[in-house]
Amino acid sequence: MFLLYPVINQIFQKIFGGRGDGHPALTYFQASDFGVRSRPFSFYSGKNLLRGEIYEAGDSPKKGLVIFFHGLGAGRTSYTLEISHLAKAGYLVMAYDNTACMESEGYSMNGLSQGVLDQKAFFAYLDRQEGLRDLPRFTIGHSWGGYLALMALNPTYHVEKAVSVSGFFSVDALCVSSVPKAKAIQKSIRGFIAHRFGKDASKSALDYVKESGVPVLYAQGDRDHVVNTKDHYGYLKSHRDEFPNVTLRLQKNRAHQAFWTERGQAYYDEIFKPNQKLPPIDELLSIDYGRMNEDDPILMKAIVDFFGE
């Protein structure tokens, strides 16, 4: 098993060895674009300073604190619309960029499990913040962030509810779902993660879901090929008895970005055709981002209602 660790590390570094800074031609909204206030905060994860923002709207007392975890490829500003929606619903929202993503320091993202270390550093920071640490805690995230939202059910973090949108359950299981031949070395992948990132990072998020009993809302598109729908939504549906605390939502005619409306998904499919290279910059600059990033109001209401139950 140990002999495979250098090989696994080499593969992970090839995939995650750079930074996640998005694309210079894509538009990333700011909270002020949606009438939401924000202020910065920062904390250290290892030697790297991670930067984030606290978002709020209105002056009334907050219903709780929502921690929003971003997906792979960019950072928190990829989800400003969803964050703003939650802020306008009466929640204080905190979101930060993971190691080597957007505004945060680091030469390399290191791997998906680095997010678990960043999360641990964040909650340690949060526990020191008067006025924030005593608010009811809820988590939400998409894809990588959806995984982290569930991993935050580690009882030491005191999270009361979690929403995972298109989130995977563990790094080793995602590898197998994406590359079935990786099943032969799944135990080695899990062992490498424990060796490199710690035992907590090698656990499946479903272990925390089951052990905590915390209410979870899991939403996914019915044609998600990034985080395979059958292996995730389908698994939870076929194991309902094991996870009575999980509420499922299937987004029809949606792919990996399950937040979007069907219209937004269709527009995305028109521009980013499957198995084709990224369009040239002049085409990217002409994209109607408001149309593409249009959130499904039914799903967003379900999320707000779930947190408020």
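**View 1. A hairpin built from S1 and S2.** Two strands pair when DSSP finds at least two bridges between them. In this predicted model, strand S1 (residues 37–45) and strand S2 (residues 48–56) go well past that, pairing in the antiparallel sense over 9 bridges. Look at the end of the ladder for the bridge between Ser45 and Asn48. The hairpin has 2 residues between the strands, and Gly46 takes a positive phi there, near 65°.

**View 2. Helix H2 and what sits on top of its buried residues.** Helix H2 covers residues 80–88, and its buried residues are Thr80, Glu82, Ile83, Ser84, Leu86 and Ala87. Which strands help to cover the buried residues of H2? Strand S2, the one from the hairpin, is part of the cover, along with strand S3 (65–69), strand S4 (92–96) and strand S5 (137–142). Helix H13 (297–308) also belongs to the cover. Just past the helix, keep an eye on Gly90: H2 is followed by this glycine, whose phi is positive, near 105°.

**View 3. Two residues with positive phi that aren't glycines.** Met102 sits in the loop between S4 and H3, and its phi is positive at about 50° even though it is not a glycine. Ser143 has a positive phi too, of about 60°, and is likewise not a glycine; look for Ser143 in the loop between S5 and H4. Are these residues buried or partly exposed? Met102 has a relative accessible area of 22%, so it counts as partly exposed. Ser143 comes in at 8%, and that is buried, because the cut-off for buried is under 20%.

**View 4. His142 and its neighbours.** His142 belongs to strand S5. With a relative accessible area of 5%, His142 is buried. What does His142 touch, leaving aside residues up to four places away in sequence? There's a run of Phe69, His70 and Gly71, plus Tyr79. Val165 and Ser166 touch His142 as well, and the set is rounded off by His256, Gln257 and Phe259.

**View 5. H3 against H4.** Two packed helices are described by the angle between their axes and the distance between the axes. Helix H3 (residues 114–126) and helix H4 (residues 144–151) pack at about 50°, with their axes 10 Å apart. That angle makes H3 and H4 oblique to each other. The crossing in which H3 passes H4 is right-handed. On the H3 side, the contact is made by Gly115, Val116 and Gln119, while H4 brings in Trp144, Tyr147, Leu148 and Met151. Sort the residues of this contact by class and you get 5 nonpolar, 2 polar and no charged ones.

**View 6. H4 from its other partner, H8.** H4 also packs with helix H8 (residues 205–212), this time at an angle of about 35° and with the axes 8 Å apart. Here H4 passes H8 in a left-handed crossing. Tyr147, Leu150 and Met151 of H4 make the contact with Ala205, Tyr208 and Val209 of H8. The class count for the contact of H4 with H8 is 6 nonpolar, no polar and no charged.

**View 7. H4 on its own, seen as a buried helix.** How many of the residues of H4 are buried? The count is 8 of the 8, so H4 is largely enclosed by the rest of the structure. The buried set starts with Trp144, Gly145, Gly146 and Tyr147, and carries on through Leu148, Ala149, Leu150 and Met151.

Conventions: Residues numbered from 1 in each chain as written. Predicted model: local features only at pLDDT ≥ 70, side-chain atom pairs only at ≥ 80, totals over all residues. Heavy atoms only, no water. Helix = DSSP H or I, 4+ residues; strand = E, 2+ residues; numbered from the N terminus. Axes fitted to C-alpha atoms, helices over the stretch in contact; angles between N-to-C directions. Parallel < 35°, antiparallel > 145°, perpendicular 65-115°, else oblique. Left-handed = near helix turned anticlockwise from the far one by under 90°. Contact = heavy atoms within 4.5 Å. Nonpolar A, V, L, I, M, F, W, Y, C, P; charged D, E, K, R; others polar. Buried < 20%, exposed > 50% of the residue type's maximum accessible area, 1.4 Å probe, protein only.
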